[in-house]
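You asked for a reading of this entry that someone new to it could follow. Please keep the sequence and the 3D view open while going through the points.

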Amino acid sequence: MSVLPEEFRLSSSGRDLIADAFAKVVLVLVLLFALFPIWMMIITSFKQRSELFQSGVTLIPQAFHVENYINMWNRFPLVDYFLNSLIISGVTTIICLLVASLAAYSFSRYDFRGKDLFGLTILSTQMIPGVLILIPMFMLFTMIQQDVGIQMTNTYHGIIFIYSTFTVPFAIWMLRGYFDTIPTALEEAARIDGCTRTEALFRIVLPLALPGIAATGMFVFIIAFNEVLFASVMANNDVTPFAIGIQEFSTNTQTYWTEMMAAATVSSLPLLLIFVLFQKQIVSGLTAGSVKQ
Amino acid sequence: MNLKEDGILPSIATITQTVRDRIPLPSFGLEDETAFAYWLLLPALAMMFVIHLIPIVWGFLISFMAVDASYLTNWTQAPFTVDHYLTIFDWNSAVGSRFWFALRQTFVFGIGTTIGVYVLGLVTALLLNRNFRGKLAARTVVLVPYIAPAVATVFIWRMMFSSDTGIINELLVSLGLISDDIFWLVGENSIYSITIVNVWKNFPFAAIMLYAGLQSIPEQLYEAAAIDGASRWATFRYVTFPQLKPVTAVIVLLMIVWSFINFTIPYLLLGQQPSQSGEVLMLFIYNYAFQNTEYGLGAALSVILLVVAMVLSYLYYKMTMRSDVQGGAV
């Protein structure tokens, strides 16, 4: 806590009251800006199609029409797209967390040669443009298909392999912040009690880091769920994820906004709920590593 | 731990021996602990080797080769050429002129995003750093744009921006700011639209980082400022803002680089055929490589984009280091 706000309160001169009111107004404006699109999504999902074309600003729905939530499933195989997204993002999250938590633990606890280089490599992966990877990967997948006979494009394993690796550097960085907060004394005690290093890692450290791992997992899931660059080239036909499939609400002749917003609501609300539940870990994970507390 | 008193504390040698017996990992002649550290890193390194390193080297190679659809499976046979780089840097060629324009638009997008995200994030962080009821709720709401899935939110913006039925034009008209509907998603304005959406999406990140930075400023500095009779502005100018420099460095760097390589927002907001104004480099490369099946040229363009991103980061790093900023992401 900074001492500044108390200072403002103590001297309750008129100027400070105005400043306080001004700050509150600005904060409300910022919050409105943040939430407005979400509000528009929800109210549009309950609108009838004809209501969209009425002129004038309608910020509060007149009536709740739930038919968008029913009709959206019938226009194209939206259920499949949702399931594909869940499978791809879910498996990606599991693989990524397994690989990344081992690496992050090592990165957090041990001093080894090349540690700085490893950290730098992780960070520099964040500035690689996706297309630079996409073109060779597309060629590689095509070649594997042709020469080895294993289907790689438009398969779950192909896209999961790409996503789980892509998210690993980010996950290592975030998880390392959580591991740093767990005292090493706990592992040392476990080791003295006869645990091996591996046992100490799996029985003591990982369970303690579980909230952090869950928060990281949520971000990995979000990243995989929202990916469109690789998905648009490598995940079509049977494995089309929601991120690509939702574009089908927009046809050549018209866009089915009300149904699209219903689908968007269905995809957003679970994530937002999870976020509210894991808020503390998510916020501390976001800021870890960049702000020295 | 009262192990010592009970006399069951094993000697260090015994522990090490037990550990060695239980984990049969080869140690490459390294010290035991170091070998374990490397073993834990191995899966991550192997995966990153396949997905990050190999494709970058490969992409660099084919950027010098005339790889198109006919060479897709036997790319090693493709003829060597430097034409890609020559045409890209030739302002008068069809590809070159589009490239330079796209590069300019990418800078507009990146710099616009960075300024917007930072200013809005700083204002939000300062507001959140005050004492008021419902602070936690406010923080939660601020983070919503960052958490909500981009595929959903970009389409909301697309709906709100649409010229005939969109709420943004409706609001602007009813406030009397414009008289005719503006085209946000086609034509000149598309670059501003993607910037606005990117700012909306990322300002929570800056806000929460700066908020954490504000919380870590030592109270003594404010006490000293108060004793010196510093005004509110002077306190911000000489205490708060300098203390936020390390966080600022991280945010600015990440925002520039992340905007340069952002694909999701321009692609989903503007669609597959964006107006030239909104065609940032990522979209241009994607469209060119996959629509014209010019993979070699696409790779050359991607290499240039990577180099631009790296040079920008390096310059920025140098600049911030010179002004004695410590910390930072790189």
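The numbered points below go from confidence to the fold, the interface, the salt bridges, the surface and a few single residues.

1. The first thing to keep in mind is that this is a predicted model, and its confidence should be looked at before any detail. Chain A has an average pLDDT of 84, and 92% of its residues score at least 70. Within chain A, helix H1 (residues 4–10) has the lowest confidence, with a mean of 51, whereas H4(A) has the highest, at 92. Where pLDDT is low, the predicted coordinates should not be read in detail.

2. For the overall fold, chain B may serve as the example, since its totals are at hand. Chain B contains 15 helices and zero strands, and 54% of its 330 residues count as buried. If one takes the contacts in chain B between residues at least 6 apart in sequence, 65% of them join residues at least 24 apart. The area that chain B exposes is about 15,100 Å², with 63% of it supplied by carbon and sulfur atoms.

3. How many residues of each chain take part in the contact between chain A and chain B? On the side of chain A there are 118 residues, and they are in contact with 113 residues of chain B. About 10,400 Å² is buried between the two chains, and carbon and sulfur atoms give 78% of that area. Across this same interface the rule finds one salt bridge.

4. The salt bridge between B:Arg130 and A:Asp20 joins their side chains at 2.2 Å, N to O. A:Asp20 also meets A:Lys24 in a salt bridge, here at 3.3 Å, N to O, and A:Asp20, A:Lys24 and B:Arg130 are thereby linked in a network of salt bridges. A:Lys24 and A:Asp20 both belong to helix H2 (residues 14–45) of chain A, where they are four residues apart, about one turn of the helix. A:Asp20 counts as partly exposed because its relative accessible area is 26%, and A:Lys24 is likewise partly exposed, at 45%.

5. Over all chains the count comes to seven salt bridges, and two further ones in chain A can be set side by side. The side chains of A:Glu187 and A:Arg109 meet at 2.7 Å, N to O. A:Glu187 lies in helix H8 (residues 184–192) of chain A and A:Arg109 in helix H4 of chain A, so this pair ties together parts that are 78 residues apart in sequence. Both A:Glu187 and A:Arg109 are buried. The side chains of A:Asp180 and A:Arg176 form a salt bridge at 3.5 Å, N to O; these two residues are separated by about one helical turn, because they are four residues apart in helix H7 of chain A. A:Asp180 is partly exposed, with a relative accessible area of 41%, and A:Arg176 is partly exposed as well, at 24%.

6. On the surface there is a nonpolar patch of about 610 Å², made by A:Trp73, A:Val79, A:Leu83, A:Leu86, A:Ile87, A:Val91, A:Tyr156 and A:Val266. Helix H4 (residues 78–109) of chain A gives the largest share of this patch, namely five residues. A:Val266 has its place in helix H13 (residues 257–277) of chain A, and is partly exposed, with a relative accessible area of 31%.

7. Helix H4 of chain A also holds A:Thr93. Is A:Thr93 buried or exposed? A:Thr93 counts as buried because its relative accessibility is 10%, and, leaving aside residues up to four places away in sequence, A:Thr93 touches A:Gly217, A:Val220 and A:Phe221.

8. Two backbone angles deserve a look in the viewer. Most residues other than glycine have a negative phi. A:Asn154, however, has a positive phi near 55 degrees; A:Asn154 sits in the loop between helix H6 (130–148) and helix H7 (156–180) of chain A and is partly exposed, at 22% relative accessible area. B:Thr293 has a positive phi near 45 degrees; B:Thr293 is in the loop between helix H14 (281–291) and helix H15 (295–322) of chain B and is partly exposed, at 26%.

Note on methods:
Residues numbered from 1 in each chain as written. Chains lettered and ligands numbered in written order. Predicted model: local features only at pLDDT ≥ 70, side-chain atom pairs only at ≥ 80, totals over all residues. Heavy atoms only, no water. Patch = residues over 30% accessible without salt bridge, like charges linked within 9 Å, V, L, I, M, F, W, Y side chains within 5 Å. Areas by Shrake-Rupley, 256 points an atom, 1.4 Å probe, with all protein chains shown as cover. Salt bridge = Lys/Arg side-chain N within 4 Å of Asp/Glu carboxyl O. Buried < 20%, exposed > 50% of the residue type's maximum accessible area, 1.4 Å probe, protein only. pLDDT = per-residue confidence, 0-100. Contact = heavy atoms within 4.5 Å. Buried area = accessible area lost by both parts, 1.4 Å probe.
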